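Got the model open in your viewer? Clear any old selections, switch to cartoon, and follow along stop by stop.

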Amino acid sequence: MHPVTARVARLCDDIAPLLGADGRASVAAVRDGLAEPLRLAVVGRVKAGKSTLVNALVGRRIAPTGVGECTRTVTWYRYGAPERAELELRDGSRRDLPLKGGRMPDRLGVPPERVARIVVHLQAAALREQTVIDTPGLATLTSANEEATRTAVLGADDAEQVSRYAAGQAEAVLFVFRESERRDELEFLDQFRAATGELGASAINAVGVLSQADQFAGTDPFDVADGQATRLAVARAAHVSAVVAASGLLAEAARTGRLGESDARLLAGIADLPEVRLRLRHSMPLPDGTDPAELERLYRVLGVHGLHQGRHRCGDGVHQLVAWLESVSGIARVEDLVRSSLLNRAQALKAMRALRVLTHAANRTGADTALGLIEQARLDPALHPVRELRALRSLVAEAPASPLRAELERVSADTTDAARLGLPATATPGDVAGAARRCAAAAQTRAGFAMMPAEAEAGRVLARSYQLIAQRVRP
């Protein structure tokens, strides 16, 4: 086990005997979760493309993308074998949910309001490092569905009934914007922050995706979407660490086997057709040999931009088209962002959430001895990465443009000590130790001259981070 989560596991063992039955159950759940991959909740508006993006990330066309009972329910995608799905009902019982052709069914077999969550086990490589939680959309069509969605994701008003199944147990968030942020989306981010306490949605545990980038107006819709994503990232710097533009539709088409050689041949056959003819295809004849039904299917699979541009990129077969879709979709940038901002901090994020839950359990039972043990753990050098994340969150909230932000983001990543210092991988232990000592002195000086409390704390935390690195690699 990683040293950070190992320290929290030891804390769980220490405080469990000091709590009541409910408290021990909370501690057991925390301890079990420490060994699991990072829990990443995908949230956003209805029709924002969340489930399509989930399919692309998982590499399977498993998540339903239409309106149905499954899209109204929180769904966890976990790594596991054999591949299967099951319903966890609110009364604590479980039922198998048969997959149909490898996909989720349209109906659950029980009223959706009885379902706490759906758990899907897949042998997908992406799920080895992260459990993906697909959530119901915001701004659903009825007020009842809207309330159900927010209750499922944020938890009920009663603290004793806080949802165990969505963002309440998520350790990180991937927020999907459709075009630009809406008022209800910003309210959700604020509510998620309140619901999850000190680990609320912020630059330390949340990233954004401007989805459906292929649908933006302009000669190059992705260029327009990139500009909007940049503006969103600046405007929402306190909520998300970054925003990237992507097309879940094109990524799903590239990664889930929806295209074959016959599709490439059809598209190649209309490569020279003027675009206006394609747009008027319902009133003008198509070239001989072009199946209208298959063409309409490809429009659904690829969208207008994907089909109109992709037909020029399939002369060498479907592999050429799939490679172009993978490249242009932006899905690799989404994965890079998730890795750099979230997976590289997974252990500290898990520990931070665990400490919050343990503190809540101890406070509920008035276990002062347990609270004392939790405070001792917080001061343990093994949990210094948690202090780094707290400092980063405060810095982003108070001084997002501070030059210390980039330095703290680099140091808080769970990479190598050389990488944390900005040194090449070939740096010797002596080089690393020397650089760490110099950086520690510089950070301490910045802390002393800081004008804002968050910058002063960031400087002190960085100084301690560098001191710990120097101790670890002392030649």
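Start with the sheet: select all nine strands and you'll find an open sheet in the order β4-β3-β5-β2-β6-β1-β7-β8-β9, with mixed pairing. Strands here are DSSP E runs of at least two residues, helices are H or I runs of at least four residues, and both are numbered from the N terminus; two strands pair if DSSP finds at least two bridges between them. As background, strands of a sheet pair through backbone hydrogen bonds, either parallel or antiparallel. The edge strands are β4 and β9 (243-245), each pairing on one side only. On average, neighbouring strands of this sheet are turned by 25° against each other, direction ignored; axes are lines fitted to C-alpha atoms, for helices over the stretch in contact, with angles from 0 to 180 degrees between N-to-C directions.

A quick word on provenance: this is a predicted model, where local features need pLDDT of at least 70 and side-chain atom pairs count only at pLDDT 80 or more, while totals for chains, interfaces and linings use all residues. Residues are numbered from 1 along each chain as its sequence is written, and side-chain values use heavy atoms, leaving out hydrogens and water.

Next, select β1, residues 38-44. Seven of its seven residues are buried (under 20% relative accessible area, with exposed over 50% and partly exposed in between, for a 1.4 Å probe and protein chains only), so β1 is largely enclosed by the rest of the structure. Show side chains: L38, L40, V42 and G44 point one way, while R39, A41 and V43 point the other.

Now add the partners of β1. With β6 (residues 130-134), β1 pairs in the parallel sense over five bridges; look for V42 opposite D134. β7 (residues 172-177) also runs parallel to β1, joined by five bridges, and there L40 has A172 as its bridge partner.

Move to β5, residues 115-122: eight of its eight residues are buried. β2 (residues 75-79) runs parallel to β5 over five bridges, with Y79 partnered by L122. β3 (residues 84-89) is antiparallel to β5, over six bridges, and L89 is matched with V115. What about β2 and β6, parallel or antiparallel? They run antiparallel, joined by three bridges, and Y77 has V132 as its bridge partner in β6.

While you're around β5, pick G102, in the loop between β4 (94-96) and β5. At 46% relative accessibility, G102 is partly exposed. Not counting residues up to four places away in sequence, G102 touches R61 and I62, where contact means heavy atoms within 4.5 Å. Draw a distance from the C-alpha of G102 to that of A63: 9.8 Å, for residues 39 apart along the chain.

Last close-up: select α1 (residues 3-15) and α13 (residues 346-365), whose axes come within 9 Å and cross at roughly 20°. That makes α1 roughly parallel to α13 (angles under 35 degrees count as such, over 145 as roughly antiparallel, 65 to 115 as roughly perpendicular, the rest as oblique). On the α1 side, the contact includes V4, V8 and L11, and on the α13 side A351, L355 and L358.

Finally, zoom out. The chain has 19 helices and nine strands, and 53% of its 475 residues count as buried.
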